[in-house]
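Reader: I have a model open on my screen and I'd like to talk it through with someone. Could you take my questions one by one?

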Amino acid sequence: MPITPEEVLKIANLARLQIKQDEVEQYAIDLSSIINLVEQMNAVDTKDIQPMAHPLDATQRLREDKVTENNQRDKFQAVAPSAEKGLYLVPKVIE
Amino acid sequence: MQWETVIGLEIHVQLATNSKIFSGASTAYGAEPNTQACAVDLGLPGVLPVLNKEAVRMAVMFGLAVDAKVAERSVFARKNYFYPDSPKGYQISQFELPIVEHGTLEIVLGDGERKTIGITRAHLEEDAGKSLHEEFSDSTGIDLNRCGTPLIEIVSEPDMRSAEEAVAYMKKIHSIVRYLGISDGNMQEGSFRCDANVSMRPKGQEEFGTRTETKNLNSFRFVERAIHYEIDRQIDVLENGREIVQETRLYDANKDETRSMRSKEEANDYRYFPDPDLLPVVIEPSFIEELRKQLPELPTEKITRFKQEYDLSDYDAENLVMNKETAKYFEEVVKNSNAKAKLAANWVLGDLSAVLNQDDIEINNCPVSAGMLAGLLDRIEDNTISSKIAKEIFQAMWSGEGDVDAIIEAKGLKQITDSSEIEALVEQVINDNPGQLEQYKSGKDKVFGFFVGQVMKLSKGKANPQQVNDLLKDKMK
Amino acid sequence: MHKLSVSQLVDGLRNGDFSSVELTQCFVNRMQKFNDLNAFITELGERAILQATNADKLIKEKKHRPLTGIPIAHKDIFCMYGVKTSCGSKMLDNFYAPYDATVVEKLDQAGCVTIGRTNMDEFAMGSSNESSYYGPVKNPWNTDCVPGGSSGGSAAAVAARIAPLATGTDTGGSIRQPAALCGVTGLKPTYGRVSRYGLIAYASSLDQGGPFGKSAEDCAYMLQAMAGFDEKDSTSLDKAVPDYTQLLNSTLKGKVIGVPEEYFSEGLSAEVKSVIEGAIKWYEQQGCEIKNISLPNTNLAIPAYYVIAPAECSSNLSRLDGVRYGYRCEDPKDLRDLYDRSRSEAFGDEVKRRIMIGTYALSAGYYDAYYLKAQQIRRLISEDFKKAFEHVDVILGPTTPEPAFKIGEKTADPVTMYLSDIYTISINLAGLPAMSVPCGFSDSLPVGMQLIGNYFEEDNLLNFAHQYQMDTDWHKKTPEGFE
């Protein structure tokens, strides 16, 4: 099933990517050809096959409820594009 | 048209763990911004989550408390959406296989009617950070301390039909999580918050109407008000022939109204999928059984016991038990006093609750200890003081003037039970009021109260009311 | 010195034949001399000399650890405290990691000296190293050719003898394919063997870190230091790590090698095929039993991978939003603009394509048809291997269908590029260990054979590869100009 230019824009919107008008067509072509490759999966019947989310048949290990981390704000905010008074800054959000 | 309200609640409860659900950062409230957001909470590139055992234990405890099925295998999923207080661009939650499913909860309404509310599911998830819009003029500040605080989201069936029912349900859940000790339930600090799904349908219709979701209600009163507002708004919309828009709304407590949240209006497609950084959580049946044994006495059991053991009404038992600490206080009063349990219940739910409310004090910090209140009740019981004087003494105890006997002594409030003393007062009042006596004798029974009042006044409230009654009746024959 | 094996380097350092400073200087010089290869994003020469000085002190005081003083290079995907960790992207060009990845920490503790951070496909998405923000890496065997990807810089660095060892990561072939194309040995461990903490995730259920070296023995040294349980990684397995270097010399006689027919069908170059057949013959001569097997769902691996990996990456890369670290566009007019422009300006085309495919596959209405279906196929592929390992000790085949291709040859059509991982991808889907071992040449370019093992049998793979390398010298060949 080919991906239409409208779908390209819809997906880009969900993924927070800005696709320029003159790129939309090429993305539609590229993504369609990938989806075309992917749809080779339809050749096999997978009814009743248990999906495999993980390569290992292991279960989640649980951590003891202990505080192990200390304040490293300065170190972390040294790589922040914009921080002030200990807060990360983004353009004003109106809720 | 007759409308029926349909309400379902989603309650978010912060679990009282020491550390975050997926990291070793502290969950303590009120720290300086971003000082409790570690690499994992910040979603730095390359970091990975590891699940907190205590959060799992607490979720299981909740499941057991509401007679739910605790899943032997549950799975964490990613809920994908972009927002600055969600640093990874997804929230780790549970979707298809939650840890708790199919629970029930019984609520008791004001008229004593009982109703069972279904709990669809309760799942574990991480809390988001906070956006601070007021701090800067053109920017929003992001504090990620709260990120990763463990939550259980408790989703009810759409079983409630009024704001009253919704509040009763919410209070019951609040009471349970506090009894279990899995949350501090502090609503001001956001440890316990609620989203309300409200829809209307014509009475008799089976099919549900379109619902709205009102977000982040952090007090019982707000839930009640927001639901009332939504009911009125929706009926208005429907009766004007328009349609309800399925949307997220925000309750504005200052204006007492709900309004559409533009920022969330955009169609959400959360693209849930199993989180590949976490493996399935498997809970052994033996672990569940072990926790079942550790369950404390829960509100419902306690209510039954209170009614049996203390011969209390449904209403009294419900209200005493609602708050774990109140119930504990009540039992201590009873244990330390010779007075009837009913008297203790009246005092705890009456005068004591009133002043606690008025001064906004938790019962744990109450200046009148259970032992002190027990002493007061004993003095009522042994007729040392009247109920009326008891109230005065209680105020003095509240102000820190000492225990009951000290106050009686200091203020000379001991009840007069010497009948000759009372007789003198009665005679004085009869002699001073010949007109009223005339009326009484001509059949106006109501005037009797006047005489009682005058005698009590003359005794400064200290005369034993029963004796006053008896003597007056005798003398005015 | 650059030609010596790791065990020779270890001995040389301990015997005082040369110091770590001298050794490190030798490789740092080569790194600078061959910088035309573009194998490195960040050179850490000065830092390395300091580390080497300290290593020499430890050796002198006999406080050395297994790899004290041995120079290595890290793929630029492993977070390294205070060092730029770009992941080959403009997005993280300004990101100086505030913490160490577990792999970095472990190799530090083992005593390694890090000379630099190697170039890679952006966020490990690519098979040619051409998607790097820092430009393509050149293959030392032919600088018009790609080194493979995504760990192309590490493979090229080892091939050019710029580093004796280098780390890589493998999500669909990103260690094995460049190892094959550059004529070096590379190993992708069992999923869960090496901690992923601090490895910038591309596809979390497939990613695994591993070593590049000149030989299997060299890889064994590095894997020894990298492997092991990490409580910071929920997917890391608490399973004892065997002593790999001590298990290299078991006899191969009587061992059973499975040769999957699907790895020798159309698409495989005739020359590569005959080189691989030569290697099979060698094992047969050692007394191995060669068994023809079938992995019937092999052709579904690429389709399933291009759902699962993009789905996971679309979510994994959401944290790159310009808020807490990384690239932020100039003067965002609102939050939406900040997200959209930061991400669009900083991600390259291939990354955007995969994010979009993944977003699409997970979106409402498509989840079952794509994501769930792919996971079911993943199960089928994994079952194929499970059945095969009931009868064989290892599976052997080509690593890639053809040797290194020309830079620019496959960039026009993404799907053509994807097909170069046809023999490696199913191993990641199953989570098995596998390695690529040099075994000949095609048109003067190296060819790699792939050895696939059962879960946690890296020791077995290394044994098979080491025995081969004891008797052949393909792994000792050095590209012209880099001798």
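Author: Sure, and let's start with Thr326(B), which is buried, with a relative accessible area of 12%. Keep in mind that this is a predicted model.

Reader: Okay, which helix does Thr326(B) lie in, and what does Thr326(B) touch beyond residues up to four places away in sequence?

Author: The helix is α8 of chain B, residues 324–335. Setting aside residues up to four places away in sequence, the partners of Thr326(B) are Leu320(B), Val348(B) and Ile363(B).

Reader: What about Leu376(B), buried or exposed?

Author: Leu376(B) sits in helix α10 of chain B, which covers residues 370–381. The cut-off for buried is under 20% relative accessible area. Leu376(B) has 0% relative accessibility, so Leu376(B) counts as buried.

Reader: Which residues is Leu376(B) in contact with, leaving aside its neighbours within four places in sequence?

Author: Contact here means heavy atoms within 4.5 Å. With the neighbours within four places left out, the list for Leu376(B) is Trp347(B), Ile385(B), Ala390(B), Ile393(B), Phe394(B), Met397(B) and Val404(B).

Reader: And how many Å separate the C-alpha atoms of Leu376(B) and Glu438(B)?

Author: Along the chain, Leu376(B) and Glu438(B) are 62 residues apart. In space, their C-alpha atoms are separated by 40 Å.

Reader: Zooming out, how far apart do the C-alpha centres of domain 2 and domain 3 of chain B lie?

Author: The domain assignment splits chain B into domain 1 (3–267 + 282–291), domain 2 (297–411) and domain 3 (419–475). For domain 2 and domain 3 of chain B, the C-alpha centres lie 32 Å apart.

Reader: Now the chains. How much area do chain C and chain B bury between them?

Author: In this pairing, 37 residues of chain C are in contact with 31 residues of chain B. Carbon and sulfur atoms carry 58% of the buried area, and the total is about 2,800 Å².

Reader: Which residues of chain C lose the most area to chain B?

Author: Three residues together make up 22% of what the chain C side buries. They are Ser234(C), Arg319(C) and Arg324(C).

Reader: Which residues form the salt bridge between chain C and chain B?

Author: The rule finds one salt bridge across this interface. Its closest N and O atoms are 3.1 Å apart, and the partners are Arg196(C) and Asp277(B).

Reader: Which elements give two or more residues to the side of chain C that touches chain B?

Author: Across that interface there are 17 residue pairs in polar contact, both at pLDDT 80 or more. The elements in question on chain C are α9 (301–316), α10 (335–346) and α11 (349–362).

Reader: On to chain A and chain C: how much area do they bury between them?

Author: This contact takes 49 residues from chain A and 72 residues from chain C. Of the buried area, 67% is on carbon and sulfur atoms, and the total comes to about 5,300 Å². In chain A, the residues that lose the most area to chain C are Met41(A), Met52(A) and Arg61(A), together 14% of what that side buries. So much for the detail; the figure you asked for is about 5,300 Å².

Reader: How far apart are the closest N and O atoms in the salt bridge between Asp30(A) and Arg353(C)?

Author: Between chain A and chain C the count is one salt bridge. In that pair, Asp30(A) with Arg353(C), the distance is 3.3 Å.

Key: Residues numbered from 1 in each chain as written. Chains lettered and ligands numbered in written order. Predicted model: local features only at pLDDT ≥ 70, side-chain atom pairs only at ≥ 80, totals over all residues. Heavy atoms only, no water. Buried area = accessible area lost by both parts, 1.4 Å probe. Salt bridge = Lys/Arg side-chain N within 4 Å of Asp/Glu carboxyl O. Polar contact = N/O pair within 3.5 Å; in protein donor to acceptor, adjacent residues only side chain to side chain. Helix = DSSP H or I, 4+ residues; strand = E, 2+ residues; numbered from the N terminus. Domains from an automatic or database assignment. Buried < 20%, exposed > 50% of the residue type's maximum accessible area, 1.4 Å probe, protein only.
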